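Please open the model in your viewer and keep the selection panel at hand. The tour below goes from one selection to the next and says what is there.

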Amino acid sequence: MQDPSTAGLRLEGVRIVLGERELLSIDRHVMPGETLTVMGPSGSGKSTLLAFVGGFLDPVFKGGGRVLCGGRDISRLPAQERHAGILFQDPLLFPHMSVGGNLVFAIPEAVTGRTARRELAEAALADIGLDGFFERDPDTLSGGQKARVALARVLLAEPNFLLLDEPFSKLDMQLRDQIRALVFERAKSSRLPVILVTHDAADAAAAGGDVIEIG
Amino acid sequence: MLRFAPALAVAILSLPVLAGLAGTVIPAFGYLPALGGTALTLDPFRVVLGQPGLLRSCLIALSCGVVTAAVSTALVAVFVGGWSQTRTFRFMQSLVSPLLAVPHAAAAFGLAFMIAPSGFLARLVSPWATGWTRPPDWLIVNDTFGLSLMAGLIVKEVPFLLLMVLAALPQVPVTASRQLSATLGYGRVSGFLFATWPAIYRQIRLAVFAVIAFASSAVDVAVILGPTTPAPLPVRLVEWMNDPDLSARFMASAGAVLQLGVTLGALLIWLVVEKLGGLMLMRLAARGRRLRRDASVRRVALALMGLTAAIVFGGLGVLALWSVSGLWQFPNVLPDMLSLRGWEKTLPRVGGPLMTTITVGLAATVLSTLIVVASLAREAETGRTGGNRTLFFLYLPLLVPQAGFVFGLKLFLAHGGVGATWTALVLVHLVFVLPYVFLSLSAPWRAFDTRYEAIAAGLGKSRRATFFAIRLPMLARAVFVAMAIGFAVSVGQYLPTVLIGAGRLVTITTEAVALGAGGNRRVIGIYAFLQMLLPFLGFALAALVPALLFRNRRAMKVA
């Protein structure tokens, strides 16, 4: 068991400004398997928090403070060394790759050998009920299938934490509950700290953790 | 490496222009030590101004610039206003857009073959309607006022301006404006011109300036379609520049300065035209003129738009037919017999120019694309687009008349020991190819959804891996299209190729224009056909390669 003071994701005096205007200022600790929900109207800058934590903040914004992951300060690291699993509103499957190609792309380099990587991807597909979808063109999948592939892609990369940017808002009602349950279940079982940005109160309720209102 | 790309792009766009201008202007005042000119004098200007018919040559060049810009801009404005967001518009757009890839010289030949007294149009109506059994003795092509010259320029500039307007449209709330002005009772065209056009014009202004600069100084089109006694200034200028008598260099330089003045004059006149046009629109709008019955205006614009496409493509078809014709007597609409004799006789001589055209075009295109992609990648990293400054540098080589700086540049290159070499030719083509590659690639590049890159970074991929595995493949189609445009621009370059190649390096385009004077229709047909075949192959490849690479990827079909 990890020391609870360093486990998970810690936001220390995180502050994002645009020009003279302060968009947000947050001090929080998200434990593994827990979710911090940030709510606010569009334009309030809640997505910039994810960009700051993930390491891809647009240069027009200025971010300050520290982000600690497992006790390590990652706020100076480039995005590719932070291992943030990101889910956006759109599934954003890479359109030029097959469904399997999207997954294989996400598997860490440590897994070597074509067959081994492919088997891992096939297993991940089976796990989300998409057996035999490896060679499929992502554009031919339904909305729910795309969302599941996007989740599988993120998890295969063995992220340190999850950043969710209103990932359920474009799904229709019935599908939304299903995918939402799947995402949080997987995040809990993988013991990942999660930051969720949304304006849907149902998302916050399903996530069950702390809620911050900004804007 | 990436860090220096924007600076390199700016250097390629500006240094040749500035050095070339200096190399043109200084000898015009008698200073060129290599040829014994050490004293400053106005003699070169006296020689130029003493040339017979000079005023007329200048006036034709000047009016070409202004008239071409005015007609093309007005036609595009009324057409877009009258038809945008209709099925007809999309159809016409797909018909006119390929014209952009046709080299100016080929389009000019096509036009000439259509409208000449012995051309296709005259044959269509003879003798049953006209009674002509021999071509009438009319001066249509090469007419004294340069009308066919202007027509030849307009058919090429209309697709260019249309494309620029299409690129500007998404930044303007066109649909909302149209609905709003319609509910206020304005006609389609007037509503567009009053409410939307000013915002669009602001964005395409530099492109219109480039049209004026090109039209007032075009050589290839003027050689083919322009008046001959006297010829427009740019044509005479090239004669002076190619004069084997070295002392003519001073006069040629002075002539180039005069050309700069003529183009500047055309631009100044345009500023007045702009102002008057704006005032007129404002006056009409302020009076609340609804101009609701614009059906006839819309139809005329549509017809003219269709005519530009029909006349060029028809002309190119006639050219191709000529290249395989045997005897083809007036007034027969089709050749009396077909023959491959022309091709058999010409093909052995085509190899050299064809190789030069293709290798120079490929080299300039690949180099431009590398520099543009690197600059855009750097821009994405720093978040700085350079804004208007970038635009100014991009348009610089298009706003300064080619003759005004390429001639001076040639003196510099010769001085540096890289006279008429392949490398020098590639460098000069680069100056003109780079802006088009940038203009075509920057919009899709900037519109790329960066969330894909955020996801890839989150998956632990390095910047380089993300670039090569995600961004470049996803933008492959746009990159290939930009390359095809760049290649087409290189193939079409006439003046820089003539001046830098100095007869030792010839391309299909310089050969075509040189042979045009000979008047052998079969040979012209062959060269003009090759001239349009090369860009066409480029675009075909640009469409084919991504289609094959991503054949099972539906979302990659329409970028």
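What follows is a walk through a predicted model, chain by chain and then down to a single residue.

**Chain A**

Begin by selecting chain A and colouring it by secondary structure, which comes to six helices and nine strands. If you orient the chain along its principal axes, its C-alpha atoms fill a box of roughly 50 × 40 × 35 Å. How does its radius of gyration stand against that of a compact globule? For 215 residues such a globule would have a value near 17 Å, and because chain A has 17 Å, the two agree. Colouring by burial next, you will find that buried residues make up 42% of the 215 residues in this chain. Contacts within chain A often bridge distant parts of the sequence: among those between residues at least 6 apart, 72% join residues at least 24 apart.

**Where chain A meets chain B**

Now select the residues of each chain that touch the other, which gives 25 residues from chain A and 23 residues from chain B. On the side of chain B that touches chain A, the elements giving two or more residues are α19 (451-458) and α20 (463-474) of chain B. Of the elements on that side, α19(B) gives the most, with six residues. If you colour this side of chain B by residue class, it shows twelve nonpolar, six polar and five charged residues.

**Chain B as a whole**

Hide chain A and bring up chain B, in which there are 24 helices and zero strands. The C-alpha trace of chain B spans about 65 × 60 × 55 Å along its principal axes. For 559 residues a compact globule would have a radius of gyration near 24 Å, and chain B, with 24 Å, agrees with that value. Of the 559 residues of chain B, 49% count as buried. As for contacts in chain B with a separation of 6 or more, residues 24 or more positions apart account for 82% of them.

**The two domains of chain B**

Give separate colours to domain 1 (1-25 + 350-559) and domain 2 (54-236 + 272-339), into which chain B is divided. The centres of domain 1 and domain 2 of chain B, taken over C-alpha atoms, are separated by 25 Å. Where the domains touch, the contact takes 30 residues from domain 1 of chain B and 25 residues from domain 2 of chain B. To see the domain 1 side of this contact, select α16 (387-399), α17 (402-415), α21 (476-492), α23 (508-516) and α24 (521-549) of chain B, the elements that give two or more residues to it. Which of these elements gives the most to the side of domain 1 of chain B that touches domain 2 of chain B? That element is α24(B), with twelve residues. The residues on this side of domain 1 of chain B divide into 22 nonpolar, six polar and two charged.

**A last stop at Gly408(B)**

Finally, zoom in on helix α17 of chain B and pick out Gly408(B), which has its place there. Is this residue buried or exposed? Gly408(B) has 26 other C-beta atoms within 10 Å, and it is therefore buried, the cut-off being 20 or more. Setting aside residues up to four places away in sequence, Gly408(B) touches Gly20(B), Leu21(B), Ala22(B), Gly23(B) and Thr24(B). To finish, draw a distance between the C-alpha atoms of Gly408(B) and Thr24(B), which are separated by 4.2 Å although the two residues lie 384 residues apart along the chain.

Definitions and conventions:
Residues are numbered from 1 along each chain as its sequence is written. Chains are lettered from A and ligands numbered from 1 in the order in which they are written. This is a predicted model: local features need pLDDT of at least 70, side-chain atom pairs count only at pLDDT 80 or more; totals for chains, interfaces and linings use all residues. Helices (H or I, at least four residues) and strands (E, at least two) are DSSP runs, numbered from the N terminus. The radius of gyration is taken over C-alpha atoms; the globule rule is 2.2 Å times the number of residues to the power 0.38. A residue is buried if 20 or more other C-beta atoms lie within 10 Å of its own, exposed if 12 or fewer, and partly exposed in between; C-beta atoms are placed from the backbone. Two residues are in contact if their C-beta atoms, placed from the backbone, lie within 7 Å. Ala, Val, Leu, Ile, Met, Phe, Trp, Tyr, Cys and Pro count as nonpolar, Asp, Glu, Lys and Arg as charged, and the others, Gly among them, as polar. Domain bounds come from an automatic or database domain assignment.
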